[in-house]
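Colleague: Please take a close look at one part of this model for me. I would like the overall picture before the detail.

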Amino acid sequence: MSDTQRRILLVEDEESLAGSIRYSLEQEGFTVTLAVDGRKAIERFRNDDPDLVILDLMLPELSGLDVCRLIRQESNVPIVMVTAKDSEADKVAGLELGADDYVTKPFSIRELVSRVRAHLRRARMQAPAAAEEMLNGGPIEMDVAKHEVRVGEGLVAFPPKEFELLEAFLRRRGRLLTREFLIEEIWGHDYVGDTKTLDVHVKRIRQKIEQDPHDPELLLTVRGLGYKFVG
Ligand code: CA
């Protein structure tokens, strides 16, 4: 797909800044949708299925961090945050929530455009291949089509739900995956069982992939939120 067909969701409430970013991106051949507050951002995101999101963190209605978290629960779309100079904490929080990159105000629009291009390029390269697909992380190698997992040299058996869960982690390495996201992703919307099920599955996976399952170094607990795979 050429860049001319690429859709960008721009979430920015400062009218003049939004105008100039939009203008520059359109000059470069991108299609741009603008959302001026957090709620509209989520709405537009769900309607438009953009290829990349530029997200200002200081927004009315719903903060940029909330928007980032909600989008990340649904999608791996590249997110470039726009932060104020003095908001180091927001920047870190945004990256923890799964944003891919940030620019700090004031920034050059040329720089923003080049980041956008780089992230779209990367996203395209990471798009899953049709047939054979291998996922890696730490000592783990997963053959998605064959449903096989190697840990180090040896094949290890993973029942379906454990396999799906491990796959979710390998596809989103380094990102915090919330408990809600994982339960919905693996067990579906209508899941009514005990949420301990998730922890039990994580425990079983750890027994298969960690040197010391009681002191995990690959599949980490993010207290009160969820899990993160860092292999
Ligand atoms: Ca703002």
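How much area does the chain expose, and what share of it do carbon and sulfur atoms supply? After that, please go closely through the contacts of helix 8 with helix 6 and with helix 7.

Modeller: The model is predicted, so local features need pLDDT of at least 70 and side-chain atom pairs count only at pLDDT 80 or more, while totals for chains, interfaces and linings use all residues. Residues are numbered from 1 along each chain as its sequence is written, and side-chain values use heavy atoms, with hydrogens and water left out.

The chain exposes about 12,500 Å², and carbon and sulfur atoms supply 48% of that area (Shrake-Rupley method, 1.4 Å probe; for residues, only the protein chains shown count as cover). Of its 231 residues, 44% are buried, where buried means under 20% relative accessible area, exposed means over 50%, and partly exposed is in between (1.4 Å probe, protein chains only).

The chain has 8 helices and 12 strands (DSSP runs numbered from the N terminus: H or I of at least four residues for helices, E of at least two for strands). With a radius of gyration of 19 Å, close to the 17 Å from the globule rule for 231 residues, the chain is as compact as a globular protein of that length (taken over C-alpha atoms; the rule is 2.2 Å times the number of residues to the power 0.38). The C-alpha trace spans about 55 × 35 × 35 Å along its principal axes. Among contacts with a separation of 6 or more, 56% join residues 24 or more positions apart (contact means heavy atoms within 4.5 Å).

Now the part you asked about. Helix 6 (residues 160-171) and helix 8 (residues 196-209) have axes that come within 10 Å and cross at roughly 80° (axes are lines fitted to C-alpha atoms, for helices over the stretch in contact, with angles from 0 to 180 degrees between N-to-C directions). That crossing makes helix 6 roughly perpendicular to helix 8 (65 to 115 degrees; under 35 is roughly parallel, over 145 roughly antiparallel, and the rest oblique). Helix 6 contributes K161, E162, L165 and L166 to the contact, and helix 8 contributes L198, H201, V202, R204, I205 and K208. By class, this contact has 5 nonpolar, 1 polar and 4 charged residues (Ala, Val, Leu, Ile, Met, Phe, Trp, Tyr, Cys and Pro count as nonpolar, Asp, Glu, Lys and Arg as charged, and the others, Gly among them, as polar).

The axes of helix 7 and helix 8 also come within 10 Å, crossing at roughly 85°. Helix 7 is therefore roughly perpendicular to helix 8. On the helix 7 side the residues are R179, L182, I183 and W187, and they meet T197, L198, D199 and H201 of helix 8. The classes here are 4 nonpolar, 2 polar and 2 charged residues. L198 and H201 of helix 8 thus appear in the contact with helix 6 and in the contact with helix 7.

Helix 7 has a link to helix 6 as well. I186 lies in helix 7 (residues 179-187) and is buried, at 5% relative accessibility. Setting aside neighbours within four places in sequence, I186 touches K161, E164, L165 and A168. Its C-alpha atom is 6.5 Å from that of L165, although the two residues are 21 apart along the chain. K161 and L165 are also among the helix 6 residues in contact with helix 8. E185, likewise in helix 7, is partly exposed, with a relative accessible area of 39%. The C-alpha atoms of E185 and S24, 161 residues apart along the chain, are separated by 37 Å.

A few points outside this part deserve a check on the display. K91, in helix 4 (residues 88-96), is buried at 11% relative accessible area. Not counting residues up to four places away in sequence, K91 is in contact with L57, M81, T83, Y102 and T104.

Most residues other than glycine have a negative phi, and most peptide bonds are trans. The peptide bond from K105 to P106 is cis, with omega near -5°, and P106 sits in the loop between strand 5 (101-104) and helix 5 (109-126). D49, in the loop between helix 2 (38-48) and strand 3 (52-56), has a positive phi near 50° and is exposed at 54%. H147, in the loop between strand 7 (140-143) and strand 8 (148-151), has a positive phi near 60° and is partly exposed at 46%.
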